[in-house]
Each structure stands twice: as structure tokens, then as C-alpha cells.
Amino acid sequence: MILIPAVPDSDLRRALERVKRVTGERWTADFVIQRIRSGEAQSFRFDNGIEHLAWMVVEAYGEPLVMNVWILEGWPGIENREEMIALIDDLARSIKAKSWKLESPRKGWARMLRGYITRTRTVYERDVP
């Protein structure tokens, strides 16, 4: 598996719109793409050399530096998770991040990453009536 920097295109836009539709995220595809184009976020593709497996959008912030895996879309397959984690670790290491995090309401990622990532908090939210 390889991790390839990706420029925003119609395929990434469709992936972002799918994530928004499935999760109810508040950001729009246009907002994410604008952040990538401005350099405030970066987009990547996971690829196995034959086919596209997943998209990832990351941003970094804080002191010490944390790499936030803002959006992860696709399914690299459970058989590829160790390699996927190593690629994310390498990316975080390359920008001198001390850690990386992922927040997702999707239970599939929790199962996929079990044993590789630690749950550190739960976010509760209430809409004001």
C-alpha cells in the first residue's frame, strides 16, 4: 500500500460529499477543498498499486504538534490496517508531530483501528432548543 499526496478533484469532492451525507458532518466539500488549496490541510490517497482504497485529509496544530486525521473515507481493508497505520505514523513523523488523532462517529473505524489507537474522549453535543 502507498500513500499518495492528492490534489482536490471531482473524485475527492464525491468522497467528501459521501462522508458528509453518511456522518452528518457540518463542513462542506467546498470548505475542505478551500482548506487544502490554502495549505491549511493536505489530502492523500491510499492505493495498493492497482486500485484506489481510501482518501485522507489531515491538518496539524498545537504545541506539541498533533496531526489530526480530519477525514478518512473508503475502506483499505482489515488486511491492510497495519500497513495503513504505519503510513499514517510515517506521515505524522515526517511533520514532527508527537501524535495523531482521528475523531469519527463511524463505528467501522473503531473496529478497524482497535488495538492500534487509544480512545481518549467522548464528545457530547446538544442542539439548543
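**Exercise 1.** Work out how helix 1 and helix 2 lie relative to each other in this predicted model: parallel, antiparallel, perpendicular or oblique?

*Solution.* Start with the angle: helix 1 (residues 10-23) and helix 2 (residues 29-38) pack at about 130 degrees, and their axes are 9 Å apart. Now sort that angle. Roughly perpendicular covers 65 to 115 degrees, and roughly antiparallel needs over 145. The pair of helices is therefore oblique. As for handedness, helix 1 and helix 2 cross in a right-handed way.

**Exercise 2.** Find which residues make the contact between helix 1 and helix 2, and sort them by character.

*Solution.* Helix 1 brings Leu12, Arg13, Leu16 and Glu17. From helix 2 come Ala29, Asp30, Val32, Ile33 and Ile36. Sort these contact residues and you get six nonpolar, three charged and no polar ones.

**Exercise 3.** Track down the salt bridge that involves Arg18, and say what it ties together.

*Solution.* The partner is Glu73, with an N to O distance of 3.5 Å. That passes, since the cut-off is 4 Å. Next, place the two residues: Arg18 sits in helix 1 and Glu73 in strand 4 (residues 66-74), so the bridge links parts 55 residues apart in sequence. The full count of salt bridges is seven.

**Exercise 4.** Look at the backbone of Pro64 and Lys96, and say what stands out.

*Solution.* Begin with the usual case: most peptide bonds are trans, and most residues other than glycine have a negative phi. The bond from Glu63 to Pro64 is cis, with omega near 5 degrees. Pro64 is in the loop between strand 3 (52-61) and strand 4. Lys96 has a positive phi, near 70 degrees, and belongs to the loop between helix 3 (81-94) and strand 5 (99-102).

**Exercise 5.** Which elements have the lowest and the highest mean pLDDT?

*Solution.* Take the whole protein to begin with: the average pLDDT is 87, and 90% of the residues score at least 70. Then go by element: helix 4 (residues 107-113) is lowest with a mean of 72, while helix 2 is highest at 97.

Methods. Residues are numbered from 1 along each chain as its sequence is written. This is a predicted model: local features need pLDDT of at least 70, side-chain atom pairs count only at pLDDT 80 or more; totals for chains, interfaces and linings use all residues. Side-chain values use heavy atoms; hydrogens and water are left out. Axes are lines fitted to C-alpha atoms, for helices over the stretch in contact, and angles run from 0 to 180 degrees between N-to-C directions. Helices (H or I, at least four residues) and strands (E, at least two) are DSSP runs, numbered from the N terminus. Angles under 35 degrees count as roughly parallel, over 145 as roughly antiparallel, 65 to 115 as roughly perpendicular and the rest as oblique. A crossing is left-handed if the near helix is turned anticlockwise from the far one by less than a right angle, and right-handed if clockwise. Contact means heavy atoms within 4.5 Å. Ala, Val, Leu, Ile, Met, Phe, Trp, Tyr, Cys and Pro count as nonpolar, Asp, Glu, Lys and Arg as charged, and the others, Gly among them, as polar. pLDDT is the predictor's confidence in each residue, from 0 to 100. A salt bridge is a side-chain nitrogen of Lys or Arg within 4 Å of a carboxyl oxygen of Asp or Glu.
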